[in-house]
Amino acid sequence: QVQLVESGGGQVQAGGSLRLSCAASGRTFSNYAMGWFRQAPGKERELVATVSWNGGSTYYADSVKGRFTISRDNAKKMVYLQMNNLNPEDTAVYYCAANRLAITSLKADYWGQGTQVTVSS
């Protein structure tokens, strides 16, 4: 069982930066691939970035590549999403997720409650 709590969302102007954090509980956190998803109003949930269990492999959606960086600290049971050069299209609720296998779809074993990111122009 893994419980996830996101933080770090907020409102920022276009071109600004935010760092999302996801705190995980559970003894087997390091066994899970982690990912960040987002869902904008009226749109389907989108996979933003993933990181493998040891941080050795990452994936980014084309829309965020070069601007977002995902990382994890297994000792602290934390996952981060550094978001730079934000634009209004990044406005969404961002969700942290954990999956026993590599995250390759919109499915995951565990989800956080989400944190709102709003980017104004």
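The following exchange examines the predicted model shown above.

Visitor: How many helices and how many strands are in the protein?
Guide: From the N terminus on, the elements run β-β-β-β-β-β-β-β-β-β-β. The protein thus holds zero helices and eleven strands.

Visitor: What radius of gyration does the protein have, and what would a compact globule have?
Guide: Along the principal axes, the C-alpha atoms fill a box of roughly 40 × 25 × 25 Å. Buried residues make up 45% of the 121 residues. For a chain of 121 residues, a compact globule would have a radius of gyration near 14 Å, and the protein agrees with this at 13 Å.

Visitor: Among contacts between residues at least 6 apart in sequence, what share joins residues at least 24 apart?
Guide: One pair of residues far apart along the chain is tyrosine 110 and valine 2, which are 108 residues apart while their C-alpha atoms are separated by 6.5 Å. Tyrosine 110 lies in strand β10 and touches Gln1, Val2 and Leu4, among other residues. Among contacts between residues at least 6 apart in sequence, the share joining residues at least 24 apart is 56%.

Visitor: Which strand pairs with β9 over seven bridges?
Guide: Strand β9 pairs with β11 in the antiparallel sense over three bridges, with alanine 92 opposite valine 117. Two bridges join β9 to β10, again antiparallel, and there the partner of alanine 97 is tryptophan 111. Alanine 97 is also the bridge partner of glycine 35. The strand that pairs with β9 over seven bridges, in the antiparallel sense, is β4.

Visitor: Is asparagine 99 buried or exposed?
Guide: Asparagine 99 is found in strand β9, which covers residues 92-99. That strand is mostly covered, with seven of its eight residues buried. The relative accessibility of asparagine 99 is 11%, and the cut-off for a buried residue is under 20%. Asparagine 99 therefore counts as buried.

Visitor: Which backbone nitrogen lies 3.0 Å from a polar atom of the side chain of asparagine 99?
Guide: Beyond four places in sequence, asparagine 99 touches Tyr32, Ala33, Lys107, Ala108 and Asp109. Its side chain has a polar atom 3.0 Å from the backbone oxygen of leucine 101. The backbone nitrogen that lies 3.0 Å from a polar atom of this side chain is that of aspartate 109.

Visitor: Why is arginine 38 classed as buried, and what is its relative accessible area?
Guide: The side chain of arginine 38 meets that of glutamate 46 in a salt bridge, at 2.8 Å from N to O. Glutamate 46 is partly exposed, because its relative accessible area of 27% is not under the 20% cut-off for burial. Arginine 38 does fall under that cut-off and is therefore buried, with a relative accessible area of 6%.

Visitor: Which residue in the loop between β8 and β9 is linked to arginine 38?
Guide: Side chains of opposite charge can pair when their charged atoms come close. Here the closest N and O atoms of the salt bridge between arginine 38 and aspartate 90 are 2.9 Å apart. This pair links distant parts of the chain, 52 residues apart, with arginine 38 in strand β4. The residue in the loop is aspartate 90.

Visitor: Which residues are joined into one network by salt bridges that share partners?
Guide: The structure holds four salt bridges. One of them is formed by lysine 65 and aspartate 62, with closest N and O atoms 3.1 Å apart, and both of these residues are exposed. Salt bridges that share partners join into one network Arg38, Glu46, Arg67 and Asp90.

How values were computed:
Residues are numbered from 1 along each chain as its sequence is written. This is a predicted model: local features need pLDDT of at least 70, side-chain atom pairs count only at pLDDT 80 or more; totals for chains, interfaces and linings use all residues. Side-chain values use heavy atoms; hydrogens and water are left out. Helices (H or I, at least four residues) and strands (E, at least two) are DSSP runs, numbered from the N terminus. Buried means under 20% relative accessible area, exposed over 50%, partly exposed in between (1.4 Å probe, protein chains only). A polar contact is a pair of N or O atoms within 3.5 Å; within protein, one must be able to donate a hydrogen and the other to accept it, and residues adjacent in sequence count only if both atoms are side-chain atoms. Contact means heavy atoms within 4.5 Å. Two strands pair if DSSP finds at least two bridges between them. The radius of gyration is taken over C-alpha atoms; the globule rule is 2.2 Å times the number of residues to the power 0.38.
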